[in-house]
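Trainee: Got a minute to go through this one with me? I'd like to start with the ligand site.

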Amino acid sequence: MANRIVLNQVSYHGEGAINEIPGLAAARGFKKVFVVSDPGLVKCGTTAKITDILDGAGIAYTLFDEVKPNPTIENVQAGVAAFKAAGADSIIAVGGGSAMDTSKAIGIIITNPEFEDVRSLEGVAPTKNHAVPTIAVPTTSGTAAEVTINYVITDVQKQRKFVCVDEHDIPEVAIVDPVMMLSMPAALCASTGMDALTHAIEGYTTKAAWEMTDMFHLEAIKLIAANLRKSVAGDPEGRKQMALAQYIAGQGFSNVGLGIAHSMAHTLGAHYDTPHGVACAMFLPIVMEYNQEYTGERFREIARAMGVEGVDSMTQAEYRKAAIDAVRQLSVDVGIPVKNEKIREEDLKQLADEAYADACRPGNPRDASAEDMIELYRKLM
Ligand SMILES: NC(=O)c1ccc[n+]([C@@H]2O[C@H](COP(=O)([O-])OP(=O)(O)OC[C@H]3O[C@@H](n4cnc5c(N)ncnc54)[C@H](O)[C@@H]3O)[C@@H](O)[C@H]2O)c1
Ligand SMILES: [Fe+2]
C-alpha cells in the first residue's frame with residue numbers, strides 16, 4: 001500500500017507568527033470568524049492575544065469559550081449551535097488539544113450536518129466535505145492537533161473517549177507561536193510535553209512507520225529530550241523548541257498512527273478525567289517494556305535521540321533498557337507521578353475492553369489482548 005502524508009496548507013513557526021493571522025484571514029476571504037477557546041485561557045489573557053489582533057485588524061468574530069478539558073459531545077453540539085447563531089464562515093481555534101479538537105468536530109458537522117449526533121464521527125467516518133476553513137493556534141506544546149487529522153471527543157453517557165480520524169478535518173493553517181505557550185503552568189507544560197514524546201515514540205515504533213515519518217519522530221524525540229526540562233523550568237528557549245518539537249511529532253504520527261499507551265490513556269481520561277499527557281506519560285515506559293521485543297533496532301535510535309551515550313557499543317538488551325530508563329527519568333524529572341490511585345480493580349475489565357476497541361490499538365507493534373492490557377493497568381496501581 002502507498003504511504004500517505006497529509007499536512008497543513010501552510011504553517012508559521014516562531015515568535016510573532018500570530019501576527020500573520022489578519023493577512024491569512026483576508027487572503028481566505030473570512031468575513032466572520034468563530035473563535036473557539038476555553039475559560040482558563042480567557043482568564044489568563046492568552047485568548048486575548050488573538051482577539052486583540054482581530055480587533056486591531058477590524059475582523060469580525062464571535063468568541064465561543066465553553067470548551068472543557070477532555071471535550072464532550074455536548075460541548076461540540078453547543079459549539080455547532082453557537083457557530084450557526086453567529087453566522088460565521090471560518091474558525092480560529094485558540095487552545096490546547098481540547099479547543100482544537102472541539103473546533104475540528106464543529107467544523108466537520110457544519111459542512112457535513114448528517115453527523116450532528118457526533119458519535120457517528122468515531123473512527124474513519126465517510127464525511128464528504130472539508131471542514132469549515134480553520135486556523136489553529138496551539139497554546140500547549142503537546143497534542144499537535146493543529147497538524148493532525150485526528151480529534152478526540154468524550155462520550156460522558158458511555159464514559160468513553162473516542163478517536164475520529166478524517167483528512168477533512170486538518171486545519172488549513174497552523175500558527176505555532178511560542179508566545180501563546182508562555183502562560184502554561186509547569187505541570188501543564190510537563191504533561192503536554194510528555195504527550196508529545198509519547199506521540200514521537202509510539203509513532204516511531206507503530207506498524208505503519210516509514211522513512212519520512214521516522215525522520216519527524218526521531219527529530220521530535222531529540223528536541224524533546226534536550227528541551228522539555230528547560231521548558232518546564234520556564235526557559236523561553238525551551239518553550240520555543242518544545243513548540244516546534246510537538247508539531248514535528250504531529251507531522252509524523254497523524255499519518256501513521258500510535259499504539260496502546262494512547263489507547264489506555266484515553267480510558268483514564270474518560271473514566272477519571274486524568275489529563276491526557278499525564279496518562280500518556282504514565283503508560284509510555286510501561287508500554288515500551290511490553291513492546292520492546294517487537295521493535296527490532298528501533299530502541300537503539302530512541303536511546304540515541306534521548307541523549308544516551310555509547311549506544312553503538314551496547315547489546316540489544318542494554319540499548320532497550322537505556323531507552324526505557326531515559327524516558328522514565330525524563331518523566332520523573334518533570335514531575336509526572338508513576339502511579340494512578342484512581343484506577344480500581346473492579347474497573348479493570350471495562351478499561352481494558354475499551355482500550356482494546358480504541359482506534360490507536362491496532363497500530364501497536366505488538367498485538368495486545370485485553371488481558372495483556374489488564375496487566376499493564378495493574379502496573380500503575
Ligand atoms: N487531535 C489530536 O491529534 C490529539 C492528540 C493528543 C491529544 N488530543 C486530545 O487533546 C486533549 C488534551 O489537550 P491538551 O493536553 O493540550 O490540554 P487542554 O486543551 O485540555 O487544556 C488543559 C487545560 O490547560 C489550560 N491551558 C491550555 N493552554 C494554556 C496556556 N497557554 N496557559 C495557561 N493555561 C492553559 C486550559 O485552559 C485547560 O484548562 C485531550 O482531550 C486529548 O485526548 C488530541
Ligand atoms: Fe496524545
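**The ligand shell and beyond**

Mentor: Start with the make-up of the shell around ligand 1: twelve nonpolar residues, 14 polar and five charged. Keep in mind that this is a predicted model.

Trainee: Which residues come nearest to ligand 1?

Mentor: Asp38, Gly97, Ser98, Thr140 and Ser183 do, out of 31 residues around the ligand.

Trainee: What is the distance from the Asp38 side chain to an oxygen atom of ligand 1?

Mentor: An N or O atom of that side chain sits 2.7 Å from the ligand oxygen. Thr140 also takes part: a polar atom of its side chain is 2.7 Å from an oxygen atom of ligand 1.

Trainee: And which backbone has a polar atom 2.8 Å from a nitrogen atom of the ligand?

Mentor: The backbone of Asn150. As for cover, ligand 1 has 870 Å² of accessible area on its own, and the protein covers 89% of that.

Trainee: Which helices and strands each supply at least two residues of the shell?

Mentor: Helix 2 (39-43), helix 5 (97-111), strand 6 (150-155) and helix 6 (186-205).

Trainee: Why do we say the ligand lies between domain 1 and domain 2?

Mentor: Because both domains give residues to its shell. Domain 1 covers 10-181 and domain 2 covers 186-378.

Trainee: Back to helix 6. How far does it reach from its first C-alpha to its last?

Mentor: It reaches 29 Å with 20 residues. The expected span, at 1.5 Å a residue, is 28 Å, so the two are close.

Trainee: How many residues of helix 6 are buried?

Mentor: 17 of the 20, so helix 6 is mostly covered.

Trainee: New topic: backbone angles. What is the phi of Ala144?

Mentor: It is positive, about 60°, and Ala144 is not a glycine. Most residues other than glycine have a negative phi.

Trainee: Where is Ala144, and is it buried or exposed?

Mentor: Ala144 is in the loop between strand 5 (134-138) and strand 6. It is buried, because its relative accessible area is 0% and the cut-off is under 20%.

Trainee: What about the phi of Asp273?

Mentor: Also positive, near 60°, and again in a residue other than glycine. Asp273 lies in the loop between helix 9 (260-272) and helix 10 (276-291). With a relative accessible area of 47%, Asp273 is partly exposed.

Trainee: Let's switch to Ser37. Where does it sit?

Mentor: In the loop between strand 2 (32-36) and helix 2. Ser37 is buried, at 0% relative accessibility.

Trainee: Which side chain does the Ser37 side chain join in a polar contact?

Mentor: That of Thr47, at 2.9 Å. A polar atom of the Ser37 side chain is also 2.8 Å from the backbone oxygen of Val94.

Trainee: And Lys31, where is that?

Mentor: In the loop between helix 1 (21-27) and strand 2. Lys31 is exposed, because its relative accessible area is 65% and the cut-off is over 50%.

Trainee: How far apart in space are Lys31 and Ala88?

Mentor: 7.4 Å, C-alpha to C-alpha, with their positions 57 residues apart in sequence counted as separation.

Trainee: Now Ala245. Which helix holds it?

Mentor: Helix 8, residues 236-256. Ala245 counts as buried, with 0% relative accessibility. Its C-alpha is 12 Å from that of Thr140, and the two are 105 residues apart in sequence. Thr140 is one of the residues that come nearest to ligand 1.

Trainee: Last one: Arg328. Where is it placed, and how accessible is it?

Mentor: Arg328 is in helix 12, residues 316-333. It counts as partly exposed, at 30% relative accessibility.

Trainee: How far is Arg328 from Gly14?

Mentor: Their C-alpha atoms are separated by 29 Å. Along the chain, Arg328 and Gly14 are 314 residues apart.

Terms used. Residues are numbered from 1 along each chain as its sequence is written. Chains are lettered from A and ligands numbered from 1 in the order in which they are written. This is a predicted model: local features need pLDDT of at least 70, side-chain atom pairs count only at pLDDT 80 or more; totals for chains, interfaces and linings use all residues. Side-chain values use heavy atoms; hydrogens and water are left out. A residue is near a molecule or strand if one of its heavy atoms lies within 4 Å of it. A polar contact is a pair of N or O atoms within 3.5 Å; within protein, one must be able to donate a hydrogen and the other to accept it, and residues adjacent in sequence count only if both atoms are side-chain atoms. Accessible areas come from the Shrake-Rupley method with a 1.4 Å probe; for residues, only the protein chains shown count as cover. Helices (H or I, at least four residues) and strands (E, at least two) are DSSP runs, numbered from the N terminus. Ala, Val, Leu, Ile, Met, Phe, Trp, Tyr, Cys and Pro count as nonpolar, Asp, Glu, Lys and Arg as charged, and the others, Gly among them, as polar. Domain bounds come from an automatic or database domain assignment. Buried means under 20% relative accessible area, exposed over 50%, partly exposed in between (1.4 Å probe, protein chains only).
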